[in-house]
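Welcome! Please take a moment to look over the sequence and the 3D structure below before reading on.

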Amino acid sequence: MTSSELWSRETAERYDAGEAERSSASFLGPTLDFLSELAGDGRALEFAMGTGRVGLPLRERGVPVVGIELSEHMAAVLRRKIDEDRLPVALGDMATTTVPGEFTLVYLVYNTITNLLTQDEQVECFRNAARHLAPGGRFVIELGVPPLRFLPPGQVAVPFDVSDRHLGFDTFDLVEQILVSHHFSRDGEDDGRYRRTDSRHRYAWPAELDLMARIAGLELDRRVGDWDGTPFTDDSAKHISVWRKPA
């Protein structure tokens with residue numbers, strides 16, 4: 001067990017509805033193009049597969065996909081969509097859990113590396129990716145750039161979403177590199193009430209991830225600002241980073 005916080009049954013059951021926009025074909029198109037190109041004729045392993053938002057459509061693209069997922073409740077939602085024979089999923093954490101065989105692609109999307117709340121565990125996640133990769137294979141991470149430049153002196157919170165159905169802001173512990181995402185959500189009822197949830201994350205900078213990759217024996221292949229290949233710049237809010245296992 002790692003320090004990752006477990007998704008509850010209630011949260012897992014709500015997850016797909018809350019991520020409906022990010023699950024659409026138009027939204028996922030560039031992600032699937034990017035990942036399927038890297039997978040080539042090989043297999044792909046998704047760390048923290050969740051309910052299959054990315055893994056299922058990637059498999060439909062013809063890429064054999066295997067998953068690792070910590071929350072049995074998230075895996076149970078996925079299992080209602082597809083059986084184990086067609087999309088195997090191992091229950092366990094992404095830092096230490098292993099599955100049989102080699103892969104041309106290991107990927108970790110949607111800021112999920114930050115669910116590991118210590119630097120040591122994040123390093124172990126890179127090592128776990130490396131041990132699953134075939135020579136020449138790639139490890140891909142999608143991760144936001146910590147928005148610390150938006151923090152004026154004395155402020156510890158940054159809003160990331162203000163909409164009719166959701167209010168979201170992050171608070172930061174700058175010493176421990178921990179952020180807490182706070183969410184106030186309305187699930188379709190117009191009674192004025194909001195449901196409050198929060199989650200803890202360890203943020204990391206691109207350069208820190210590159211060092212983790214080096215420790216794991218991987219080398220930086222490329223870094224872009226989004227799945228469509230947008231260049232990564234000083235103004236990028238996130239990055240897609242690709243590390244390669246030497247042949």
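Here is a short tour by topic, beginning with a sheet and ending with single residues in loops.

The structure you see is a predicted model. A good place to start is an open sheet of 4 strands, which run in the order β6-β7-β8-β9 with antiparallel pairing. From there we can visit a nonpolar surface patch that includes L167, and then three loop residues.

**The sheet**

- At the edges of the sheet are β6, covering residues 157-162, and β9, covering 195-202; each of these pairs on one side only.
- From one strand to the next, the twist averages 20°.
- As general background, the strands of a sheet pair through backbone hydrogen bonds, and they can do so in a parallel or an antiparallel way.
- The antiparallel pairing of β6 and β7 extends over 5 bridges.
- If you would like a spot to look for, find P159, which stands opposite F169 in β7.

**The nonpolar surface patch**

- Three residues, V162, L167 and Y194, make up a nonpolar patch on the surface, and together they have about 270 Å² of accessible area.
- Of these, L167 belongs to strand β7, which spans residues 166-173.
- L167 counts as partly exposed because its relative accessibility is 33%, a value between the 20% and 50% cut-offs.

**G52, a buried loop residue**

- You will find G52 in the loop that links β1 (44-47) and α3 (55-60).
- G52 has a relative accessible area of 3%, so it is buried.
- Setting aside neighbours within four places in sequence, G52 is in contact with P57 and L78.
- S23 is 29 residues away from G52 along the chain, and the C-alpha atoms of the two are separated by 9.5 Å.

**Two loop residues with positive phi**

- In general, most residues other than glycine have a negative phi.
- N111 is not a glycine, yet it has a positive phi of about 65°.
- The loop that holds N111 runs between β4 (103-108) and α5 (119-132).
- With 31% relative accessibility, N111 counts as partly exposed.
- Q177 is not a glycine either, and its phi is positive at about 55°.
- Q177 sits in the loop between β7 and β8, the latter covering residues 178-185.
- Is Q177 buried or exposed? Q177 is buried because its relative accessible area is 18%, and buried means under 20%.

Conventions. Residues are numbered from 1 along each chain as its sequence is written. This is a predicted model: local features need pLDDT of at least 70, side-chain atom pairs count only at pLDDT 80 or more; totals for chains, interfaces and linings use all residues. Side-chain values use heavy atoms; hydrogens and water are left out. Patches are made of residues with over 30% relative accessible area and no salt bridge: like charges are joined within 9 Å, nonpolar side chains (Val, Leu, Ile, Met, Phe, Trp, Tyr) within 5 Å. Accessible areas come from the Shrake-Rupley method with a 1.4 Å probe; for residues, only the protein chains shown count as cover. A salt bridge is a side-chain nitrogen of Lys or Arg within 4 Å of a carboxyl oxygen of Asp or Glu. Helices (H or I, at least four residues) and strands (E, at least two) are DSSP runs, numbered from the N terminus. Buried means under 20% relative accessible area, exposed over 50%, partly exposed in between (1.4 Å probe, protein chains only). Two strands pair if DSSP finds at least two bridges between them. Axes are lines fitted to C-alpha atoms, for helices over the stretch in contact, and angles run from 0 to 180 degrees between N-to-C directions. Contact means heavy atoms within 4.5 Å.
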